[in-house]
Amino acid sequence: MKIVAAKAILKANDQLAGENRDRLTSLQVFGINLVGSPGCGKTTLLEGLFQRLQGRLAPAVIEGDIAGQIDAERMAKIGVPVVQINTDGMCHLDASMIAAAAEGFEYGCIDTLWIENVGNLVCTAGYDLGEHLRIVALSVPEGDDKLVKYPAIFQRSHALVITKTDLLPYSNFDVARARGDMRRLAPQAEVFEVSALHGDGLDALADWLVQKRQAELG
C-alpha cells in the first residue's frame with residue numbers, strides 16, 4: 001500500500017506556486033490572492049476598487065467557485081478580462097489551477113492579476129497560488145471573532161479589509177478588537193475599513209495597492 005503524505009502534496013504545490021510567481025514577475029504582473037468567506041463582499045470590493053484604479057492599474061481576474069459563473073459575469077460586464085475556475089466541490093484553488101487559468105490572458109494589456117478564491121476561511125489558508133500579495137476580507141455581519149477562530153488565514157495575509165462597514169450601526173462588530181487581533185496575528189499587515197457600496201475607504205486601499213505593486217515590481 002502506498003501512502004502519500006499531505007506535506008509532499010503541499011511541497012509540490014509550493015514549487016509550482018513559485019513558478020507562477022516568477023512568471024508573473026517576469027511579465028511585470030502583480031498577483032493578488034483575495035480570500036474570505038462566502039458573501040463577505042469580495043466581488044463587490046473588486047468592482048469598487050477597479051473604478052478607483054482605472055488608469056492606474058489594469059486588472060484581470062481569475063474567479064474561483066465551486067460551481068457557477070455569476071461573479072465572472074459581473075467582471076465581464078465591467079470590461080475586466082476574466083477566467084472562471086469551477087472546482088466541482090473542492091474548497092480552495094491550488095497553484096496548478098492558477099497555472100492553467102493564467103494561460104487565458106493577454107499579458108501585454110494587464111499589470112495586475114487578481115485571484116478571487118473560493119469562499120472559505122479554512123482550506124484557502126494553506127495553499128500558495130503564486131501571488132505576490134494576499135488580502136483577506138472580513139465582513140461586519142460575520143462578526144469580529146473570526147480572527148480568533150480561524151487564525152491561519154489572517155496570519156498569512158498582508159492586509160485585512162473589513163467590508164460592509166455601512167452595517168456597523170446595526171451590528172455589535174468591534175473594529176478595535178478586529179484590529180487588535182490582526183496586529184497580534186500579522187503585525188506587519190495593514191487594516192482597511194471599507195464600504196464598497198458607498199465607496200468609503202476604497203481610495204486608501206487603491207493607493208496602497210499601487211504602492212505595493214511599485215515596491216514589488218518597480
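## Exercises on a predicted model

Asp-128 touches Asn-13, Asp-14, Ala-17, Arg-21, Ala-95 and Arg-134, leaving out residues up to four places away in sequence. The model is predicted.

**Exercise 1.** State where Asp-128 is placed and which side chain it joins through a polar contact of 2.8 Å.

*Solution.*
- Step 1: Asp-128 lies in the loop between β4 and β5.
- Step 2: The side chain of Asp-128 makes a polar contact of 2.8 Å with the side chain of Arg-21.
- Step 3: Arg-21 is also among the residues that Asp-128 touches.

**Exercise 2.** Decide whether strand β1 is largely enclosed or not, and find the strands joined to β1 by bridges.

*Solution.*
- Step 1: Strand β1 covers residues 30–36. A residue is buried if its relative accessible area is under 20%.
- Step 2: 7 of the 7 residues of β1 are buried, so the strand is largely enclosed by the rest of the structure.
- Step 3: In a regular strand, side chains alternate between the two faces of the sheet. From β1, Phe-30, Ile-32, Leu-34 and Gly-36 point one way, while Gly-31, Asn-33 and Val-35 point the other way.
- Step 4: β1 runs parallel to β4 (residues 112–116), and 5 bridges join them. β1 and β5 (residues 133–139) also run parallel, joined by 5 bridges.
- Step 5: Leu-34 has Glu-116 as its bridge partner in β4, and in β5 Leu-34 stands opposite Ile-135.

**Exercise 3.** Describe the largest nonpolar core and the elements that supply it.

*Solution.*
- Step 1: The largest nonpolar core has 28 residues, and Leu-45, Leu-49, Trp-114, Ile-135, Leu-205, Trp-208 and Leu-209 have the most contacts inside it.
- Step 2: At least two residues of this core come from each of β1, α2 (42–52), β5, β6 (159–163) and α8 (202–217).
- Step 3: α8 gives the largest share, 6 residues.
- Step 4: Beyond its neighbours within four places in sequence, Trp-208 contacts Leu-133, Ile-135, His-158, Ala-159, Glu-190 and Phe-192.
- Step 5: There is also a second, separate core of 19 residues, including Phe-173, Ala-178, Met-182 and Val-191.

**Exercise 4.** Classify the crossing of α2 and α8 and list the residues that meet.

*Solution.*
- Step 1: The axes of α2 and α8 come within 9 Å and cross at roughly 70°.
- Step 2: Angles of 65 to 115 degrees count as roughly perpendicular, and α2 and α8 are therefore roughly perpendicular to each other.
- Step 3: On the α2 side, Leu-45, Gly-48, Leu-49 and Arg-52 meet Leu-202, Asp-203, Leu-205, Ala-206 and Leu-209 of α8.

Terms used: Residues are numbered from 1 along each chain as its sequence is written. This is a predicted model: local features need pLDDT of at least 70, side-chain atom pairs count only at pLDDT 80 or more; totals for chains, interfaces and linings use all residues. Side-chain values use heavy atoms; hydrogens and water are left out. Buried means under 20% relative accessible area, exposed over 50%, partly exposed in between (1.4 Å probe, protein chains only). Helices (H or I, at least four residues) and strands (E, at least two) are DSSP runs, numbered from the N terminus. Two strands pair if DSSP finds at least two bridges between them. A nonpolar core is a set of buried Ala, Val, Leu, Ile, Met, Phe, Trp, Tyr and Cys residues joined through side-chain atoms within 4.5 Å. Contact means heavy atoms within 4.5 Å. A polar contact is a pair of N or O atoms within 3.5 Å; within protein, one must be able to donate a hydrogen and the other to accept it, and residues adjacent in sequence count only if both atoms are side-chain atoms. Axes are lines fitted to C-alpha atoms, for helices over the stretch in contact, and angles run from 0 to 180 degrees between N-to-C directions. Angles under 35 degrees count as roughly parallel, over 145 as roughly antiparallel, 65 to 115 as roughly perpendicular and the rest as oblique.
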